[in-house]
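Dear colleague,

I am handing over the structure we spoke about, and below it you will find my notes on what turned up in it. Please read them with the model open beside you.

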Amino acid sequence: MTLTAKPGSGSDWKSWTGTDDDTVNPTTVTMSKDKKIQVTFESRFSMIINNQLVIGSYLQFTEGSITVTPPPEGDGKYANGTEVTLTVQAANGYDWKGWLGTSSDTSNPSKVIMSGNKNITVTFNQRF
């Protein structure tokens, strides 16, 4: 028998227990006796930068722009464990100052590991 797990919106298939191969989806089950099969799903996560939901690979602000690599998937979310690189380009008249909420708030580019919903702040200094 073949089993296919179909996660709902905001989730990913993670694993099975009790099948012939718990690491693939779809999977198979050989029925030689009663079996207890379990499927595990995990949440997908959103990223917000300066109050803007990341839905693509680029964000624009008055002070500059951010390139997001990789962009989120079609549902606007990331799978658990995805490593995202954020790269700032300051606009004319501004300098990039730092991040709040990344793995290295003083580096550009910086990385974020998606292990939950992320709310990130980028700050700029205006040149006079």
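To begin with one pair of strands, β10 and β12 (residues 118-126) run antiparallel and are joined by six bridges. Within this pairing, G98 is the residue that stands opposite T123 in β12. Please keep in mind throughout that this is a predicted model.

The two strands belong to an open sheet of four strands, whose order is β6-β5-β12-β10 and whose pairing is mixed. Because β6 (52-53) and β10 (94-100) each have a single partner strand, they stand at the edges of the sheet, and one side of each is left without a neighbour there. As general background, the strands of a sheet pair through backbone hydrogen bonds, in either a parallel or an antiparallel way.

Turning to the whole protein chain, there are 12 strands and zero helices. The radius of gyration is 20 Å, well over the 14 Å that the globule rule gives for 128 residues, so the chain is more spread out than a compact globule. Taken along the principal axes, the box filled by its C-alpha atoms is roughly 75 × 25 × 15 Å.

Of the 128 residues in the protein chain, 31% are buried, while the accessible surface comes to about 7,700 Å², with 48% of it belonging to carbon and sulfur atoms. Among contacts between residues at least 6 apart in sequence, 51% join residues at least 24 apart. As for charge, the chain carries 11 positive and 12 negative side chains, and the centres of these two sets lie 3 Å apart.

With best wishes

Technical notes. Residues are numbered from 1 along each chain as its sequence is written. This is a predicted model: local features need pLDDT of at least 70, side-chain atom pairs count only at pLDDT 80 or more; totals for chains, interfaces and linings use all residues. Side-chain values use heavy atoms; hydrogens and water are left out. The radius of gyration is taken over C-alpha atoms; the globule rule is 2.2 Å times the number of residues to the power 0.38. Buried means under 20% relative accessible area, exposed over 50%, partly exposed in between (1.4 Å probe, protein chains only). Contact means heavy atoms within 4.5 Å. Accessible areas come from the Shrake-Rupley method with a 1.4 Å probe; for residues, only the protein chains shown count as cover. Lys and Arg count as positive and Asp and Glu as negative; His and the chain ends are not counted. The place of a charge is taken as NZ of Lys, CZ of Arg, CG of Asp or CD of Glu. Two strands pair if DSSP finds at least two bridges between them.
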